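Here are some exercises to work through with the model open in your viewer. Try each task yourself before you read the solution.

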Amino acid sequence: MDPLAGPGGAAVTALLSRTGARVERLPLSRFTTLGVGGEAEVWFVESHEQLAEAMEQPYRILGGGSNLVIADEGVPERVIRLSGPLAERDLTPDPALSDDTWVVTGWVGGGVPLPGLIRQLQKLGLSGLEGTVGIPAQVGGAVWMNAGTRYGEMFDGLHTLEIVTPEGTRQVTPDDLNWGYRDSGIPRNHIVTRVRLRLRRAAPEEVLAKMDFADQARKGQPKMKTPGCAFKNPGGVSAGKLIDEAGLKGSRVGNALIAPEHANFIVNLGGASAADVHALLALIRDRVPVPMELEYELWPAPGNA
Ligand code: FAD
Ligand code: EPU
């Protein structure tokens with residue numbers, strides 16, 4: 001019996017773990033941009049010690065929840081959320097590694113929300129990550145996916161990554177990883193706890209102009225609850241265009257809809273279930289003649305419930 005589940009599985013008040021992490025049974029829908037997902041035991045970890053304890057049992061790591069389709073039954077594993085100091089940032093230039101052109105910052109926690117970080121970098125006149133404007137991720141999740149747009153991606157601005165696994169903590173550089181489009185090369189459940197950024201000094205107005213330009217590409221994206229694009233672009237072709245050409249815009253299952261604005265976005269009309277989204281993904285796979293890799297992450301993976 002899960003000690004955090006009350007009668008009928010209802011949430012009970014938060015507990016503190018052995019090392020002081022706050023542990024609470026919560027609906028994951030609260031943490032996802034799709035607004036779907038049942039309950040799990042959420043561990044809010046604020047230190048490496050608390051993280052190590054959370055990782056003693058099967059776990060998943062939750063970032064901004066902006067790429068997740070979580071089952072209505074929730075997940076049985078511990079769900080780790082980086083909080084406190086692991087969601088703080090030190091953007092002070094490291095004098096040993098910075099010069100008139102380049103800045104290497106202090107540590108930026110994996111739990112830092114990316115949109116606020118991008119705005120702050122713009123004000124400081126630090127350029128390199130502005131192509132990721134509008135991505136509603138946390139830094140750790142965005143690094144793990146190498147989130148980006150055609151105007152830039154996370155690996156454009158990384159100097160060092162700290163990665164924690166049950167075996168220990170290590171620091172790597174982008175050159176140590178086999179990264180590419182929407183892929184960091186970091187295995188699943190290896191946790192990006194913090195990164196140091198490597199950015200170019202620029203006028204704040206110049207950075208702002210680049211952000212505005214990249215943001216223009218989002219004008220046609222839906223504004224409703226969604227986990228963003230469902231499929232990666234195969235061979236650089238827009239998956240949205242392919243889904244659109246298959247005549248699937250506006251297809252609806254339950255309360256999930258293939259967005260009329262952009263066919264690679266599935267939106268929640270209100271009260272959608274994970275099964276509704278899965279059915280639309282199956283429809284797309286069935287109708288689009290080109291093989292496409294899923295960008296959304298399904299918790300749990302189908303067939304693995
Ligand atoms: P989550 O959705 O919480 O998790 C995604 C994966 O990352 C999971 O496997 C999770 O375990 C893992 N993860 C999370 N945190 C960590 C961590 N600290 N260490 C290791 N692994 C971790 N994506 C783009 O690339 N480009 C876009 O332009 C874009 N636009 C979007 C627009 C909207 C409106 C929305 C809702 C989404 C968009 N996305 C886009 C998708 C999404 O924002 C990215 O995939 C992002 O990288 C997900 O990060 P997250 O922190 O929300 O991770
Ligand atoms: N198009 C259609 N119909 C559609 C959607 C797109 O014809 O339903 C056409 C557009 O008219 C345009 C072309 O396809 O000519 C490209 O469309 P868009 O500019 O929207 O780019 P995309 O390749 O579909 C990618 C990323 C987005 C990112 C945008 C903007 C992927 C899978 N998608 O979309 O990333 O925001 O570029 O840079 O790489 C995400 O990954 O979650 C995501 C939202």
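**Exercise 1. Three backbone oddities**

Task: Find where Asn-189 sits, then state whether Asn-189 counts as buried or partly exposed.

Solution. Keep in mind that this is a predicted model. Start with the position: Asn-189 lies in the loop between β12 (168-172) and β13. Next comes the backbone, where Asn-189 has a positive phi of about 70° although Asn-189 is not a glycine. That deserves a second look, because most residues other than glycine have a negative phi. Last comes accessibility: buried means under 20% relative accessible area and exposed means over 50%. Asn-189 has 24% relative accessibility, so Asn-189 counts as partly exposed.

Task: Repeat the analysis for Asn-146, stating its loop and its phi.

Solution. Asn-146 is placed in the loop between α3 and β9. Its phi is near 45°, a positive value in a residue other than glycine. The relative accessibility of Asn-146 is 0%, so Asn-146 counts as buried.

Task: Which two residues are joined by a cis peptide bond?

Solution. Most peptide bonds are trans. The bond to pick out here joins Trp-299 and Pro-300, with omega at about -15°. Pro-300 belongs to the segment after β17.

**Exercise 2. The buried side of a helix**

Task: Which residues of helix α2 are buried, and what do they pack against?

Solution. First list them: in α2, residues 114-124, the buried residues are Leu-114, Leu-117, Ile-118, Leu-121 and Gln-122. They cover an arc of only 140° around the axis, and therefore lie on the same side of α2. The spacing rule helps here: an α-helix has 3.6 residues a turn, so residues three or four places apart point the same way. Then look at the partners: the buried residues of α2 pack against β7 (102-109), β8 (126-127), α3, β13 and α4 (204-216). Finally, step just past the end of α2, where Gly-125 takes a positive phi of about 70°.

**Exercise 3. Two ligand sites**

Task: Describe the surroundings of ligand 1, beginning with how many residues lie around it.

Solution. There are 34 residues around ligand 1, and Ile-61, Ser-66, Gly-148, Arg-218 and Glu-297 come nearest. Now look for polar contacts to ligand oxygen atoms. A backbone N or O atom of Gly-64 lies 2.8 Å from one oxygen atom of ligand 1, and a polar backbone atom of Gly-65 is also 2.8 Å from an oxygen atom of ligand 1. From a side chain, a polar atom of Arg-182 lies 2.9 Å from an oxygen atom of ligand 1. As for burial, ligand 1 taken alone exposes 970 Å², of which the protein buries 95%. The elements giving two or more residues to this shell are β4 (59-62), α3 (139-145), β9 (148-149), β13 (191-201) and β17 (297-299). The largest share, five residues, comes from α3. By residue class, the shell holds 15 nonpolar, 14 polar and five charged residues.

Task: Do the same for ligand 2, and find which helix gives the largest share of its shell.

Solution. Ligand 2 is surrounded by 21 residues, the closest being Arg-150, Tyr-181, Asn-233, Asp-244 and Glu-295. Three side chains give polar atoms to compare with ligand oxygen atoms: Arg-182 at 3.0 Å, His-262 at 2.9 Å and Glu-295 at 2.7 Å. Taken alone, ligand 2 exposes 820 Å², and the protein buries 76% of that. Helix α5 (residues 239-245) gives the largest share of the shell, three residues. The shell divides into six nonpolar, eight polar and seven charged residues.

**Exercise 4. Two buried side chains**

Task: Which backbone oxygen does the side chain of Arg-78 reach?

Solution. Arg-78 lies in strand β6 (residues 78-82). With a relative accessible area of 16%, Arg-78 is buried. Its side chain reaches the backbone oxygen of Glu-53 at 3.2 Å. Beyond its neighbours within four places in sequence, Arg-78 is in contact with residues including Glu-41, Trp-43 and Tyr-59.

Task: Which backbone oxygen does the side chain of Ser-251 reach?

Solution. Ser-251 is found in the loop between α5 and β14 (252-253). Ser-251 is buried, at 17% relative accessible area. The side chain of Ser-251 reaches the backbone oxygen of Leu-248 at 2.8 Å.

Notes. Residues are numbered from 1 along each chain as its sequence is written. Chains are lettered from A and ligands numbered from 1 in the order in which they are written. This is a predicted model: local features need pLDDT of at least 70, side-chain atom pairs count only at pLDDT 80 or more; totals for chains, interfaces and linings use all residues. Side-chain values use heavy atoms; hydrogens and water are left out. A residue is near a molecule or strand if one of its heavy atoms lies within 4 Å of it. A polar contact is a pair of N or O atoms within 3.5 Å; within protein, one must be able to donate a hydrogen and the other to accept it, and residues adjacent in sequence count only if both atoms are side-chain atoms. Accessible areas come from the Shrake-Rupley method with a 1.4 Å probe; for residues, only the protein chains shown count as cover. Helices (H or I, at least four residues) and strands (E, at least two) are DSSP runs, numbered from the N terminus. Ala, Val, Leu, Ile, Met, Phe, Trp, Tyr, Cys and Pro count as nonpolar, Asp, Glu, Lys and Arg as charged, and the others, Gly among them, as polar. Buried means under 20% relative accessible area, exposed over 50%, partly exposed in between (1.4 Å probe, protein chains only). The arc is that of the directions from the helix axis to the C-beta atoms. Contact means heavy atoms within 4.5 Å.
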